[in-house]
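This report introduces a protein to a reader who meets it here for the first time. It moves from the overall picture to selected details.

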Amino acid sequence: MDSPRPTLVFDLDGTLADTAPDIIATLNTVLASLGHRDAPAPRPQSTDGVTYARKLEKAEARIDWVRPAAELDRQVRAFQPWPV
């Protein structure tokens, strides 16, 4: 039996929802060639609890040195490398 070749599948058009069936078909072809079962069929994600996150503003990255160190640490990590 031939050695399996590395396979790379990526989304060229930037719309994963539109190309997911093609990616899964490719994955299943590779899996079948290796003697494995098909990948599970994708299921739509529930919309329960979905929220909208507004765009971050640079002003939100300003550090208020009076706040506790743990909050400052999280803020610095949250805003790296942008929008500072």
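How much accessible surface does the protein have, and what share of it belongs to carbon and sulfur atoms? The accessible surface comes to about 7800 Å², and carbon and sulfur atoms account for 58% of that area. The model is a predicted one.

## Overall composition

The secondary structure of the protein consists of two helices and zero strands. The chain has 84 residues, of which 10% count as buried. Among contacts between residues at least 6 apart in sequence, 18% join residues at least 24 apart.

## Helix 1 and its surroundings

Helix 1 covers residues 16-33, a run of 18 residues. From its first C-alpha to its last, helix 1 reaches 24 Å, which is close to the 26 Å expected at 1.5 Å a residue. The helix is bent by about 25° at Asp-22. Just after helix 1 comes Gly-35, whose phi is positive, at about 80°.

The buried residues of helix 1 are Thr-19, Asn-28 and Leu-31. Asn-28 may be considered more fully. Asn-28 has a relative accessible area of 15% and therefore counts as buried, the cut-off for that class being under 20%. Setting aside neighbours within four places in sequence, Asn-28 is in contact with Asp-38 and Ala-39. Pro-40 lies twelve residues from Asn-28 in sequence, and the C-alpha atoms of Asn-28 and Pro-40 are 9.4 Å apart in space.

## Salt bridges

Side chains of opposite charge can pair when their charged atoms come close. The structure holds three salt bridges, which are set out below with the relative accessibility of each partner.

| Arg partner | Acidic partner | N to O distance |
|---|---|---|
| Arg-54 (53%) | Glu-60 (29%) | 3.0 Å |
| Arg-67 (29%) | Glu-71 (31%) | 3.0 Å |
| Arg-77 (53%) | Asp-73 (40%) | 3.1 Å |

In the salt bridge between Arg-54 and Glu-60, Arg-54 counts as exposed because its relative accessibility is 53%, whereas Glu-60, at 29%, counts as partly exposed. Arg-67 and Glu-71 meet through their side chains; Arg-67 is partly exposed, and Glu-71 is partly exposed as well.

Where do Arg-77 and Asp-73 lie, and how many residues apart are they? Both residues are in helix 2, four residues apart, which is about one turn of the helix. Arg-77 counts as exposed, since its relative accessibility is 53%. Asp-73 has a relative accessible area of 40% and so is partly exposed.

## A nonpolar surface patch

Which residues make the nonpolar surface patch? Ile-63, Trp-65 and Val-76 form it, and its area is about 320 Å². Ile-63 is located in the loop between helix 1 and helix 2, the latter covering residues 69-78. With a relative accessibility of 32%, Ile-63 counts as partly exposed. A residue needs over 30% relative accessible area to belong to a patch, and the 32% of Ile-63 is therefore sufficient on that point.

## Summary

The predicted model shows two helices and zero strands. Helix 1 bends at Asp-22 and has Thr-19, Asn-28 and Leu-31 as its buried residues. Three salt bridges are present, including the one between Arg-77 and Asp-73. Ile-63, Trp-65 and Val-76 make a nonpolar patch on the surface.

Note on methods:
Residues numbered from 1 in each chain as written. Predicted model: local features only at pLDDT ≥ 70, side-chain atom pairs only at ≥ 80, totals over all residues. Heavy atoms only, no water. Expected span 1.5 Å × (residues − 1). Bend = angle between axes of the 7 residues up to and from the residue. Buried < 20%, exposed > 50% of the residue type's maximum accessible area, 1.4 Å probe, protein only. Patch = residues over 30% accessible without salt bridge, like charges linked within 9 Å, V, L, I, M, F, W, Y side chains within 5 Å. Areas by Shrake-Rupley, 256 points an atom, 1.4 Å probe, with all protein chains shown as cover. Salt bridge = Lys/Arg side-chain N within 4 Å of Asp/Glu carboxyl O. Contact = heavy atoms within 4.5 Å.
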